[in-house]
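Subject: Structure handover

Hello,

Here is the structure I said I would pass on. My notes follow below it.

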Amino acid sequence: MAETETQPQQQNGLQENRVFLPPPAFAAQANVSGMDAYKALCEEAERDYEGFWARLARENLDWHKPFTSVLDESNAPFYKWFQDGQLNASYNCLDRHINNGNGDKTALIFEADDGAVTRVTYRELHERVCKFANGLKSRGIKKGDRVVIYMSMSVEGVAAMQACARIGATHSVVFGGFSAKSLQERINDAGAVAVITADEQMRGGKPLPLKAIVDEALGLGGCDSVRDVIVYRRTGGNIAFYEGRDIWLHDLVDNQPGQCEPEWVDAEHPLFILYTSGSTGTPKGVQHATGGFLLWAAQTMKWTFDIKPQDLFWCTADIGWVTGHTYIAYGPLAVGATQIVFEGVPTYPNAGRFWQTIDKHKVSIFYTAPTAIRSLIKAANADENVHPKNYDLSSLRLLGSVGEPINPEAWMWYYRNIGREKCPIVDTFWQTETGGHMITPLPGATPLVPGSCTLPLPGIMAAIVDEAGQDVPNGNGGILVVKRPWPSMLRTIWGNPERFKTAYFPDELGGRYYLAGDGAIRNKDTGYFTITGRIDDVLNVSGHRMGTMEIESALVAHEMVAEAAVVGKPDDTTGEAICAFVVLKRARPTGEEAKKLAAELRTWVGKEIGPIAKPKEIRFGDNLPKTRSGKIMRRLLRVLAKGEQITQDISTLENPAILEQLRETS
């Protein structure tokens with residue numbers, strides 16, 4: 001891959017002047033070949049916005065009833081796309097490939113935690129989904145009902161999502177690492193009529209409970225809407241079983257027909273609700289529509305990943321996150337791709353697992369998170385045996401990064417050691433709320449700069465503005481917005497339209513710009529975007545968004561904690577780490593007592609929210625830095641967490657002496 005020197009690219013104070021051009025052979029066969037092709041698509045969108053999206057919707061999806069209306073802006077910001085058209089997501093992911101003669105093509109290659117491999121063709125997956133869907137219908141589950149899915153990575157997890165889509169039920173997948181309390185909150189908010197789970201999940205050679213956590217969640221109260229708990233037998237572990245409510249998945253699907261007529265739904269029908277952390281402490285149920293979401297899932301597979309019929313695609317995400325929705329459960333299937341569904345973790349049985357899997361299956365497109373890359377860099381440096389140089393990675397032709405900004409040096413290691421300096425890297429910026437990629441290189445067109453997500457996809461009208469919504473010049477930092485609606489955007493927050501408007505279309509920006517919640521800067525010369533971090537109190541830990549208020553609430557729920565404040569700090573492995581400042585109801589602990597109590601609070605937060613929410617660092621103080629009006633000065637806590645010197649004005653601080661105390665770590 002050609003490397004050239006060009007004008008420095010500003011990267012958070014870092015001068016980045018490495019530019020990598022698309023390899024000519026890659027560009028020649030790319031779905032979007034060269035910058036002129038990219039610019040032509042952008043110009044088409046600018047010239048005829050609705051016509052552009054209508055063309056893509058007709059090219060990418062099979063419509064049961066063709067749409068005549070493209071974009072309805074009459075009730076902004078509650079935009080509607082293709083609203084008089086009808087389709088079914090499962091039909092588009094399965095039936096049409098069988099109808100096109102590709103039923104015997106492998107759809108999923110499931111690699112279990114222990115390395116066992118199961119291959120499922122499109123025809124076989126269709127039959128599984130139809131039996132699952134018929135089983136759901138036999139329990140009275142119907143169009144419009146909500147179903148919570150609490151499973152680990154599995155063929156059954158993907159089939160559960162597709163089965164819900166097939167009958168018009170709206171699914172809400174909850175990551176299998178969330179606690180019973182977090183699960184209960186989501187079941188309650190969605191008003192779910194059923195929960196689909198497994199007896200246990202396997203991670204790193206160990207069985208971990210799922211069904212037991214569902215039982216605990218339902219026992220916390222307020223889940224009266226749940227009539228059924230459907231259980232996939234993954235490990236055969238010993239679990240409680242409640243007659244009349246619980247049913248084994250194999251019993252549900254036994255003797256069900258292998259055909260299920262899809263429920264044709266309006267394009268705006270809610271395909272799924274996915275909960276994401278908010279700064280207020282209450283998870284937000286992001287609601288996505290069937291037509292717009294599926295369109296962008298398919299189109300970005302073609303543009304960003306340059307997908308071809310012979311590719312073997314592997315996204316390492318979990319179906320509990322949006323990446324697993326768009327780029328496992330729907331996008332690859334919508335374009336008829338073959339993909340890996342991976343149950344395990346990158347470090348079991350050793351830290352060469354990813355590279356071994358690529359070697360074994362001859363993966364051609366690999367999509368993972370910077371957190372995984374950084375942790376595997378450390379592992380490779382510590383143990384030569386798991387270094388990627390020991391594996392045949394020659395099948396790779398494209399790499400991707402997702403979940404958080406990737407620092408330039410991790411990008412370079414990925415490029416050199418995994419891509420062997422021949423694979424473009426698509427550094428994708430997007431969110432749960434956007435449904436798919438927003439700003440990303442196109443691998444056959446865009447010159448790459450390490451650490452920059454480069455340019456918006458055609459049709460995505462991204463911009464950087466100030467607090468008043470005015471455009472800022474390139475080279476100046478500001479707030480990332482999208483100026484026009486696009487089909488895969490969230491439609492609302494489930495049950496809370498006012499929160500939707502306040503969070504994403506604030507009046508300060510005129511009520512019509514989508515507020516991404518991230519800061520960004522554009523390079524003066526190239527116009528390339530670099531994401532600089534969250535502008536609100538949401539942390540991005542290993543690509544998972546965690547609300548600071550959520551974690552603070554969990555800490556304060558502990559009987560010994562009087563007050564807590566949570567901030568983020570840079571971390572080499574997770575991108576951002578959670579740092580908690582805690583005031584107890586008794587004297588401040590020190591030494592070994594402080595370490596012991598910090599460990600207890602970490603465990604507590606893990607139980608209340610989930611392991612991903614555990615603070616990496618807990619500091620104890622007699623108080624928190626507050627203004628004379630009682631407001632916690634979080635900006636000072638962020639400086640303390642980073643170990644930097646305080647240069648800001650602290651004249652309004654009521655208790656400046658507390659700052660030195662809070663520098664101490666437990």
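A residue counts as buried here when its relative accessible area is under 20%. Please keep in mind that this is a predicted model.

Salt bridges

With that cut-off, D95 is buried, because its relative accessibility is 10%. Its side chain meets that of R166 in a salt bridge, with N and O 2.8 Å apart. D95 belongs to helix α4 (residues 89–99) and R166 to helix α6 (residues 155–167), so this contact ties together parts that lie 71 residues apart in sequence. R166 is also on the buried side of the cut-off, since its relative accessibility is 0%. The pair belongs to a total of 39 salt bridges in the structure.

A second pair is K211 and D246, whose side chains meet in a salt bridge at 2.8 Å from N to O. This pair too links distant parts of the chain: K211 sits in helix α8 (residues 211–219) and D246 in strand β14 (residues 246–248), 35 residues apart. K211 has a relative accessible area of 0% and is therefore buried. D246, at 6% relative accessibility, counts as buried as well.

Which other residue forms a salt bridge with D246? The partner is R245, and the closest N and O atoms of the two are 2.8 Å apart. Through shared partners, the salt bridges join K211, D215, R245 and D246 into one network.

The sheet

In what order do the strands of the four-stranded open sheet run? The order is β23-β24-β26-β27, and the pairing is antiparallel. The edges are taken by β23 (462–465) and β27 (529–534); each has a single partner strand, so one side of each is left without a neighbour in the sheet. From one strand to the next, the twist averages 45°.

Inside this order, β24 (residues 478–482) and β26 (residues 514–522) pair in the antiparallel sense, over four bridges. If you want a place to start looking at that pairing, take V481, whose bridge partner in β26 is L515.

To recap the items to look up in the file: the D95 and R166 salt bridge between helices α4 and α6, the network of K211, D215, R245 and D246, and the open sheet of four strands.

Regards

Conventions:
Residues numbered from 1 in each chain as written. Predicted model: local features only at pLDDT ≥ 70, side-chain atom pairs only at ≥ 80, totals over all residues. Heavy atoms only, no water. Pairing = 2+ DSSP bridges. Helix = DSSP H or I, 4+ residues; strand = E, 2+ residues; numbered from the N terminus. Axes fitted to C-alpha atoms, helices over the stretch in contact; angles between N-to-C directions. Salt bridge = Lys/Arg side-chain N within 4 Å of Asp/Glu carboxyl O. Buried < 20%, exposed > 50% of the residue type's maximum accessible area, 1.4 Å probe, protein only.
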